[in-house]
Amino acid sequence: MRHVNIVVKVTNACNLRCKYCYNQDTEYASAVLPLERLEKFLTMLTAKYDSIEVIWHGGEPLLAGIEYMTRAMEAEERLRLTTGVKITNKMQTNGTLIDRSWVAFFKKYSVKPGISFDGIENDKHRQGTAKVLSAFSLMQKEKVRFGTLAVVADKDYDILENYKFFAAKKVATDFSPVFPEGGAKSMTALDAEKFASDMIALFDYWLYDKEGVGVRLFSSYISMILGKSCRICSNASCIGTFFSIYPDGNIYNCGRASMTQYPFGNIDDITSVDDLLSSDGFRDLLVGAIARREKCKESCELFPYCCGNCSDQAIIEGSLDKAPAFSCYAFKAIFTHIRDKVNKIIEDKVPLTDLNPTMKSIWIDCFSIKGDLEDKK
Ligand SMILES: C[S@@+](CC[C@H](N)C(=O)[O-])C[C@H]1O[C@@H](n2cnc3c(N)ncnc32)[C@H](O)[C@@H]1O
Ligand code: SF4
Ligand code: SF4
Ligand code: SF4
């Protein structure tokens, strides 16, 4: 099955001004991607792929409005019916504009929202805390499944306490280290060792948190360790499996700012996905990423898991063809710690009932041994 992910930067407009936002250089321009351009792009993708995941993004995607989004869903449905291609939807949103109508929209069209929210001190670098918390309640009441994404923006961010905050609200989360793009360029850089040691401390707590919630990074690493390939984009080769489209119709690898250095073309000028794959931008990005991965492959036993990490991060840190120091350090430290812990659990035959529910379900999914281990308890 040929699968592709597309990041639709439906607009760069945003109702917030988060201090670290990597989109700052867009000046949050108000243009919205015309539906005709979106439909043309989706139609081209259905000619090449069997399955498409649309990730609605921005700026703030909800600013495109419910009527626009409904028409986009109708366009997708027409394509599903005429081509048989599977099309699914996720949305990364700041959550401040979610009301009853949006909740009904998410339910009706099975759109899974990811809410950007930094937790206890959300207003330190973001805004709109009360609105986001009320959106959580609305979605939970209506049984809309969603996750959250928190940015670790400075050394004072307490990852463990913030996890407890999310767990108390029964909301799955993930912690993303701030990267120096856009507004974050003028902020003090995060220390990789501190980030990694805080994530490790969180893992040790999380693992036995029987009432706990999921942390996406942990789920992804554990799945890889147990032999399932449930990878986040940084640990997979994203080039050729990700495209992003901007409001002006320009197409790049993904929505991260540095990717605009590698343009693949404009939707108005191309007739097929192959035009994108034969662009200079695509070739240069691919060649640079391959050079980085070749070096990683030669020198690192973790390459099969890490896959040379994120190209955007590598560019930000200096060069596309070199492993990005922050992410490389963090991956090695966190992944090897988790691997040791998982091996120890296997060795010690720790009962599943002692573990975090997410850990338990990944385990069951990977081994289907639920009966076995629970019987031993
Ligand atoms: C650019 S926003 C676009 C979607 C939407 N406005 C939102 O905030 O979810 C996408 C994600 O990038 C995160 N982000 C923005 N700037 C960042 C930075 N410099 N480092 C790490 N994450 C950042 C945001 O917190 C958000 O989770
Ligand atoms: S991170 Fe998202 S919500 Fe915050 S300013 Fe950037 S685009 Fe807007
Ligand atoms: S460049 Fe980085 S953020 Fe973008 S899709 Fe690839 S791995 Fe993900
Ligand atoms: S951990 Fe570092 S050296 Fe190893 S594959 Fe990842 S980026 Fe490359």
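## Ser220 and helix α7

In this predicted model, S220 is in contact with C230, R231 and I232, when its neighbours within four places in sequence are set aside. S220 belongs to helix α7. Its relative accessibility is 2%, and because buried means under 20%, S220 counts as buried.

Helix α7 spans residues 216–225 and is among the elements that cover the buried residues of helix α6.

## Helix α6 and its surroundings

Helix α6 comprises 16 residues, 192–207. At 1.5 Å a residue the helix should span 22 Å, and the C-alpha atoms at its ends are 22 Å apart, so the expected and modelled lengths agree.

The buried residues of α6 are A192, F195, A196, D198, M199, I200, L202, F203, W206 and L207. An α-helix has 3.6 residues a turn, so residues three or four places apart point the same way. The cover over the buried residues of α6 includes both strands and helices: β5 (147–152) and β6 (175–177) on the one hand, and α5 (159–168), α7 (216–225), α12 (325–348) and α13 (357–367) on the other.

## Strand β5 and its two partners

Which strands pair with β5? Strand β4, residues 111–116, is joined to β5 by three bridges, and the two run parallel. Within this pairing, G114 has G147 of β5 as its bridge partner. The connection from β4 to β5 passes through helix α4, residues 129–141, and this β-α-β crossover is right-handed.

Strand β6 is likewise parallel to β5 and joined to it by three bridges. V151 stands opposite S176 of β6. Together with helix α5, strands β5 and β6 form a right-handed β-α-β unit. Five of the six residues of β5 are buried, so the strand is largely enclosed by the rest of the structure.

## Strand β1 and its two partners

Strand β1 covers residues 3–11, and eight of its nine residues are buried, so the rest of the structure largely encloses it. Eight bridges connect β1 with β2, residues 51–58, in a parallel arrangement. In this pairing T11 stands opposite G58 of β2. Helix α1, residues 35–46, completes a right-handed β-α-β unit with β1 and β2.

Strand β7, residues 242–245, also runs parallel to β1 and is joined to it by four bridges. N5 has F242 of β7 as its bridge partner. F242 is also one of the residues that surround ligand 3.

## Thr93 in strand β3

Is T93 buried or exposed? With a relative accessibility of 2%, T93 counts as buried. T93 lies in strand β3, which covers residues 86–93. Its C-alpha atom is separated by 30 Å from that of T82, eleven residues away along the chain.

Beyond its neighbours within four places in sequence, T93 is in contact with E60, P61, L62, I98, P113, G114, I115 and S116. One of these contacts, G114, is the bridge partner of G147 in β5.

## Positive phi at Ser110 and Cys307

Most residues other than glycine have a negative phi. S110, although not a glycine, has a positive phi of about 50°. S110 is placed in the loop between α3 (100–109) and β4. With a relative accessible area of 58%, S110 is exposed, because the term applies over 50%.

C307 also has a positive phi without being a glycine, at about 65°. C307 is in the loop between α10 (303–306) and α11 (311–316). Unlike the exposed S110, C307 counts as buried, at 14% relative accessibility.

## Shells around ligands 2 and 3

Which residues lie around ligand 2? They are C14, L16, R17, C18, C21, Y28, G59, N94 and R126. By class, this shell divides into five nonpolar, two polar and two charged residues.

Ligand 3 is surrounded by C233, S234, C238, F242, N253, C254, R256, M259, C310 and D312. This shell has six nonpolar, two polar and two charged residues.

Technical notes: Residues numbered from 1 in each chain as written. Chains lettered and ligands numbered in written order. Predicted model: local features only at pLDDT ≥ 70, side-chain atom pairs only at ≥ 80, totals over all residues. Heavy atoms only, no water. Expected span 1.5 Å × (residues − 1). Buried < 20%, exposed > 50% of the residue type's maximum accessible area, 1.4 Å probe, protein only. Contact = heavy atoms within 4.5 Å. Near = heavy atom within 4 Å. Nonpolar A, V, L, I, M, F, W, Y, C, P; charged D, E, K, R; others polar. Pairing = 2+ DSSP bridges. Right-handed = clockwise from strand over helix to strand, strands pointing away.
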